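Below are some points on this structure, set out in the order in which I would check them. Please read them with the coordinates open.

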Amino acid sequence: MISPRILVVEDESIVAEDIRERLQRFGYEVADAVSSGEAAIARAAGLRPDLVLMDISLSGAIDGIEAAEKIHEQWDIPVVFLTAYSDSGTLQRARSSGSFGYLLKPFDERELRATVEIALYRHRLEKELKESRNRLAITLQSIGDGVISTDSHGIITYLNPVAEELTGWTKEEATGRELSEVFNILDETTEAVAPNPMTRAIRDGVIVGLQNHTVLVSRSGRRVFIEDSAAPIRDEKGRITGGILVFHSVNERRHLEDQLRQAQKMEAIGRLAGGIAHDFNNITTVVYGQSELLLKRLSESDPARNNVEEIKKAGERAASLTRQLLAFSRKQILQPRVLDLNEIILEMEDMLRRLIGEDIELTLSLAPALGKVKADPGQLQQVLLNLVINARDAMPQGGRLIIETADVELSEGLASEPDTVAPGRYVMVAVSDTGTGMTPEVQERIFEPFFTTKEQSKGTGLGLSTVYGIVSQSGGCIRVHSEPGAGTSFSIYLPQAEEDIPEAGEAEPLITAPAGGETILLVEDEAMLRRLFHEILEMDGFNVLEAANGREALQMSERYQGRLHLLITDVIMPQMSGYELADQLLQRHPGLKIIFMSGYTDDVQVQRSINNQGVMFIQKPFTPEALERKIREALEPQSPQSAG
Ligand code: ADP
Ligand code: MG
């Protein structure tokens, strides 16, 4: 071990020499001996000795006590005083200067040695203590969790920066207060004050975890979901001297969990709704179709006509509900086109103005040269219509309605919230109102089918679920901003489409040529529907061949000698899909026209085939007239304006 280096400060040179000799005899190294306070400070700065032996009364501008204070403060060097005076004033001053001991002249060797050793030892201890305290303080300062410590009565003794941030109290303000005053926690569900875990930790001497669902209310009233635990602090004898509370915000995690739950909920409801809608499709088609056929048979004066009309109306209502459910469950068959959203909005403008009435001012703010989107135009109109109707309903006293379009780039962060769409270029359309707005609780549920806050006759709760289904099926997403009293804004983002708008328009055929006894092969596995369609077709004067599945249809077409004009087939059937059947029949009957019928589909092939030439599609449920119109369209020779 290297010997401690000591600086001696003594203005009487004989005494100084004597001390130096004695110190060296004990094995210390005397770094230097100086005779004034100023010199002592200068040498201490240069030599950095381990200890200074300092005479108190020195000639010069500053005395020993002053010099010692400076040396100790600046370089953390311990000082032992030498003095001839034992008056209490001087000793008091020496003590309060932070000295590490003093020697009364004259002193013997034993005293000198003991005092120096004790001073060196004390200084080493203090230094270690300071270092470990620093380490602890730095750890607590930089830890990612909030930390609060208290004494055994629950009075706060420390708060780290994260705890300051989460509670809204500074360390200075919080220290000395009751923990419950600063760490104010509520039960998330009951809103009751939650029991403070520290109380038990200190009382029972156990580590206590916070209950789940605890909300920390900050000084300013901000709420943070937190999680964590309290533990007792014990001294070396095991006595509890206080407690320590460690906590962190789980807001981010809770947010993600909520999103996931919401997505799963929508998915589950969607599956349920889709399943119901599929079966209901067939039923409502039959109810509606059969009542239509019955009406045709009844004479104008038949008193039963009224009853049948009512049945038909009910069937119509059921069909419309089913369609909305299908839209929500994203099982609808979309017929997308590349189109300009601005054009759609402008086409609807007059109708929308009439719809919202005079008290609501409509403003269009459409971005020039807006990017194109690929979507089903009819469905997009439905989306806009539903949003505008909702906005109108939210402004019974009138107000302002703004429809806005813009090209936007969704970055990674934005795109991931609240539902996932890929980052990229989108076209946005926003419908904003100055109406009643919504509470967060309402906002959470608006996309659920049948969720409505309106009176029974006014709302079905299917408007926004339809919007949701159409938008997500089109690869887009919806954002909602709303505040009670301030209004609501729905923004819809649809992916920008690359292709140009095809020039061909979809001309509605106006021709009502009578059926001329053409032969139709009808394929439908549901007997109830097959009977209905058969009857409709026969009433219209067609020659009908019917089959319950693909295999039967192929056999039938082989046996049939005449010309086959049209195939009307269900798409989803056991064994052979309508699509496969059509492929096989086309090889044998090249001129065959085809109409696919389906209630819903996940089948991309159907989506693709719809866009093929010579192939038509009709979505169940449909009315007899709609079927008749499709058939005419299919059998008519191509009209010049509808040629692609
Ligand atoms: P409905 O309009 O039949 O009630 P929706 O699915 O269209 O069904 O809307 C569901 C609910 O969402 C409404 O009942 C209403 O509470 C709320 N809502 C929708 N749009 C708005 C809006 N613009 N302002 C305020 N609340 C709205
Ligand atoms: Mg609505």
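**Notes on the model**

1. K265 is partly exposed, with a relative accessible area of 27%, where buried means under 20%, exposed over 50% and partly exposed in between (1.4 Å probe, protein chains only). Its partner E448, at 10% relative accessibility, counts as buried, and the two form a salt bridge whose closest N and O atoms are 2.6 Å apart; a salt bridge here is a side-chain nitrogen of Lys or Arg within 4 Å of a carboxyl oxygen of Asp or Glu. K265 belongs to helix 10 (residues 251-297) and E448 to the loop between helix 15 (440-445) and helix 16, so the pair ties together parts that are 183 residues apart in sequence. Helices (H or I, at least four residues) and strands (E, at least two) are DSSP runs, numbered from the N terminus.

2. On conventions, this is a predicted model, in which local features need pLDDT of at least 70 and side-chain atom pairs count only at pLDDT 80 or more, whereas totals for chains, interfaces and linings use all residues. Residues are numbered from 1 along each chain as its sequence is written, chains are lettered from A and ligands numbered from 1 in the order in which they are written, and side-chain values use heavy atoms, with hydrogens and water left out.

3. The whole structure contains 31 salt bridges, and one of them joins the side chains of D55 and K105 at 3.4 Å, N to O. Because D55 lies in strand 3 (residues 51-55) and K105 in the loop between strand 5 (102-104) and helix 5 (109-142), this pair ties together parts that are 50 residues apart in sequence. D55 is buried, at a relative accessible area of 2%, while K105 is partly exposed at 23%. The pair also belongs to a network of salt bridges that links E10, D55 and K105.

4. K105 deserves a second look for its backbone, since the peptide bond from K105 to P106 is cis, with omega near -5°; P106 is placed in the loop between strand 5 and helix 5. As a general point, most peptide bonds are trans, and most residues other than glycine have a negative phi. Two further residues should be inspected for phi: E191 has a value near 70° and A369 one near 55°, each positive in a residue other than glycine. E191 sits in the loop between strand 8 (184-187) and helix 9 (197-204) and is partly exposed at 43%, whereas A369, in the loop between strand 14 (360-365) and strand 15 (373-375), is exposed at 76%.

5. A further salt bridge joins the side chains of R530 and E546 (3.0 Å, N to O), linking distant parts of the chain, with R530 in helix 17 (residues 527-539) and E546 in strand 21 (residues 543-547), 16 residues apart. R530 is buried, at 14%, and E546 is partly exposed, at 28%.

6. Which side chain of opposite charge is nearest to D340? It is K372, at 4.4 Å, and D340 is buried yet has no salt bridge; Lys and Arg count as positive and Asp and Glu as negative, with His and the chain ends not counted. D340 is placed in the loop between strand 13 (337-339) and helix 12 (341-356), and a polar atom of its side chain lies 2.8 Å from the backbone nitrogen of N342.

7. Of the 20 residues around ligand 1, N390, D433, T452, T453 and K454 come nearest, a residue being near if one of its heavy atoms lies within 4 Å. Oxygen atoms of ligand 1 are 2.5 Å from an N or O atom in the side chain of T452, 2.6 Å from a polar side-chain atom of K454 and 2.8 Å from a backbone N or O atom of L464. The protein covers 94% of the 530 Å² of accessible area that ligand 1 has on its own, by the Shrake-Rupley method with a 1.4 Å probe. Helix 13 (377-393), helix 16 (463-473) and strand 19 (487-495) are the elements that give two or more residues to the shell.

Key. Polar contact = N/O pair within 3.5 Å; in protein donor to acceptor, adjacent residues only side chain to side chain.
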